[in-house]
Amino acid sequence: MSEVKNPPGGGRGPGRTPGSGGGAAGGASAGRWTRIVTARPRLALLAALVVTVLAVFAGGGVADRMGSGGWEAPAAESTYATKALEREFPASQPNLLLLVDAGAAGVDAPAVAAEAGRLTAELAAEPGVVPSGTYWTTRSPALRSADGRQALIAARVQGDEKETIRTLDRIAPRFRGAHGPVTVSLGGPVAVQREVTTTIQDDLLTAEMIALPVTLVLLVLVFGSAVAAVLPLGIGIVAILGTNAVLRGLTEITDVSVFAQNLTTALGLGLAIDYSLFIVRRFREELAAGRSPAEAVGTTLRTAGRTVLFSALTVAVSLSAMLFFPMYFLRSFAYAGVAVVLLAAGAALTLLPAALVLLGDRVNAWDLRRLWSRRRPAAEPGRGWLRATTLVMRRAPLFALTVTAGLLLLGLPFLGVKFGTVDDRQLPAGAESHVVQQQIRDGFPASPGGGLTVLAEGPATPAQYASYRGRLAALPGVVRAEGPVRSGEYAYYSLLARGESAGPEAKALVGKVRAVPAPFETKVSGQAAKLVDAQHAIARELPKAGALIALATLLLVFLLTGSLLIPLQAVLLNALSLTAMFGALVWVFQEGHLSGLLGFTSTGDIETTLPVLMFCIAFGLSMDYGVFLISRIKEEYDRTGDHEGAVRAGLAKTGGLITAAAVILAVVMVAIGTSRVTNTKMLGLGIALAVLMDAMVVRSLLVPAVMKLTGRASWWAPRPLRALHDRFGLSEGGEPAPAAGRAAPVAGAEAVPVPERVG
């Protein structure tokens, strides 16, 4: 058999000793780690049990300490103005609305007016509540419905987000419901935030009840063995409980969004299952080769364990990029994501090996595949993947062009994306605060607090104040300008813009107002101003976050492969795999297709931070599968030097496993997507689509086609980079040492891809 020459640029091949260079150092580290985790496996599992129990107590009640906001930029002009207005003019920023329904009697009936006065006085007497005005005291047409049957009592609940929620919980039962001739319903931002929080908590419990049993069934189908199927769930539960404890600690020092709990559950289960699948599969493979449990764990940690470590690092880096953004909504996902990824990987690399050492061959116990394998012979595992990959590589140009064009086509709707802000329409149509806000939109001239507020700071004469108001009133798009309301050297003006409070007209008006010259310092607040400032903050930090993700991914994949081209391919193909998700985001949620089937209310736009969040999560998960595939291809290539054979063998040995992992993760994300809160639904269903597209289209079709086109040049790197990889690179350490009685593979032998069972 002829010797296979080294690839262009001197990349690894059969002429290179497996595990040399960086792999040797990595092998020594893996050996030490193996001795640590297998020395006292029972003690390791007992310690983990104790830590998990402590995490249950430490993370208890974490949801009650979380916030449901976090979309504003803390250092923005609008945020400064909002805080100053709350401090100097608390009544100017109503966040609680009492919708008073008088029915056929009408809001001007004497009995209705008397009851409204009583309710207003009772509300004003509540600690932490400042009345902002009512229809009956101001006679403002903006506070009365067009049909005269409803009117509003507006108030400001003071304090931070947690304090306002506590105040609302205290007063809501006394004001909600029937009061003599009127019926009262609660709305406004505080009521919306409270309902979002409680709805997410309830929906998360439902998602867990759906995901856990379905996931267990799928794991049994993948592994066959019921014992092996339980192990990933145990790792996932440890990761989730540990992350809840971390988040509980973080709530003591910073704001954390309640939405982050959804990511904790999804990634805790999904990644724990991914990592456990690869570790258990490799362990069973080594047992089948005749190794003892301790030897099998050592080989597993040196190969699949190294891959899990790389995968966890790539996912963690992608999620940590959200720390660049100032909004605590995004930062919360970084906190939760990085914690759950590291905990899932840590548990998979410590607790799981300890359990496998104790189980040994019993990891295959209760093999439920026997129930159907007796009836018909099972097909050779991996053979279908081998045939499919061979077909793709035979027609590589056709598959590469067709798949790329199809993915780009699916992403076209995203070119029409419109960014907006979160409001009550995130909630189910029957939620009280959603109903109230919808009735205000449909039946009232304007919503209190829904326009723009201009804060004026500094001394000025009455003539200067009046002149500035005139310039504001003359701006195109201003329906009405009121003010100033003065207090010392502070004053504010209220502007009502055409259209929605955060619509295109209001957003355009923000820039016009800020450009108006004034004899004092001015700051603009309001929903539109907050949205504009949030978009500017995201645009400012987005290049930094993107650069971190790209550079860290390039570096980690280079350290894994020693190649210059494969890291570039990984970044580009990962980004391409997300096009369908972004296209669906607009087509479904912005344009409202399938809204009836999925049960949400379309607002005609996408919340500004959500695409950033979904990109960071989906890109990290795509790299998760990319690292698993690339590492196995590289292992085969290091062993044989046959590029095409390595690609075929890598997909034959991991294609089924990656697909199974993706399906299980998609099930978890779809369970999250059953939420009644639109943003959570968007996140769950969008990530599920991205994961499936990546595993079933990009990894199965595009990767082998592109690697066929690039050929052996895929493994090329300049001499300085090769030297860098030899010194610092971390690989899987090559082929494990042969078990007793087995011959070692001959250097230079031709690759023989032997497909393996998924489990």
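Helix axes that meet at an angle under 35 degrees count as roughly parallel. Keep that cut-off in mind for the first helix pair in this predicted model.

**Two helix pairs**

Helix H9 (residues 260-288) packs against helix H11 (residues 328-359) at an angle of about 30°, so H9 and H11 come out as roughly parallel to each other. Their axes are 9 Å apart, and H9 passes H11 in a right-handed crossing. On the H9 side, the residues making the contact include Leu263, Leu267, Leu271, Tyr275, Ile279 and Phe283. From H11 come, among others, Phe333, Val340, Val341, Leu349, Leu352 and Leu356. Sorted by class, the contact has 19 nonpolar residues, 5 polar ones and no charged ones.

Now take helix H7 (residues 189-223) and helix H8 (residues 226-250), which pack at about 135° with axes 8 Å apart. That angle makes H7 oblique to H8. H7 also passes H8 in a right-handed crossing. Which residues meet here? In H7 they are Leu212, Thr215, Leu216, Leu219, Val220 and Phe223, facing Ala226, Ala228, Ala229, Val230, Pro232 and Leu233 in H8. The class count for this contact is 11 nonpolar, 1 polar and no charged residues.

Here are the two pairs in brief:

| Helix pair | Packing angle | Axis separation |
|---|---|---|
| H9 and H11 | about 30° | 9 Å |
| H7 and H8 | about 135° | 8 Å |

**The five-stranded sheet**

On to the strands. One open sheet has 5 strands in the order E2-E3-E1-E5-E4, with antiparallel pairing. Strand E2 (129-134) and strand E4 (177-179) sit at the edges with a single partner strand each, so one side of each has no neighbour in the sheet. From one strand to the next, the twist averages 30°. E2 pairs with strand E3 (residues 150-157) in the antiparallel sense over 5 bridges, and Val129 stands opposite Val157 in E3. There's a helix on this sheet too: H15 (residues 432-443) lies across strand E1 (96-101), E3 and strand E5 (182-187), running at about 100° to E5.

**The four-stranded sheet**

A second open sheet is built from 4 strands in the order E8-E9-E7-E10, and its pairing is antiparallel as well. Its edge strands are E8 (478-487) and E10 (521-526), each of which pairs on one side only. Neighbouring strands are turned by 20° against each other on average, direction ignored. Inside the sheet, strand E7 (residues 452-457) and strand E9 (residues 490-497) pair over 6 bridges in the antiparallel sense, with Leu452 opposite Leu495 in E9. Helix H17 (residues 504-515) packs on this sheet and touches E7, E8, E9 and E10. The direction of H17 makes about 15° with that of E7. Helix H18 (residues 527-561), meanwhile, lies across E7 and E10 and runs at about 100° to E10.

**How far to trust it**

Where is confidence lowest in the chain, and where highest? Helix H1 (residues 22-39) is at the bottom with a mean of 57, while helix H14 (residues 396-411) is at the top with 96. For the chain, the mean pLDDT is 85, and 88% of the residues reach 70 or more. Two stretches have pLDDT below 50. Residues 1-27 are one of them, with 58 contacts in the model beyond near neighbours in sequence. Residues 732-759 are also below 50, and that stretch has 72 such contacts.

Conventions. Residues numbered from 1 in each chain as written. Predicted model: local features only at pLDDT ≥ 70, side-chain atom pairs only at ≥ 80, totals over all residues. Heavy atoms only, no water. Axes fitted to C-alpha atoms, helices over the stretch in contact; angles between N-to-C directions. Parallel < 35°, antiparallel > 145°, perpendicular 65-115°, else oblique. Left-handed = near helix turned anticlockwise from the far one by under 90°. Contact = heavy atoms within 4.5 Å. Nonpolar A, V, L, I, M, F, W, Y, C, P; charged D, E, K, R; others polar. Pairing = 2+ DSSP bridges. pLDDT = per-residue confidence, 0-100.
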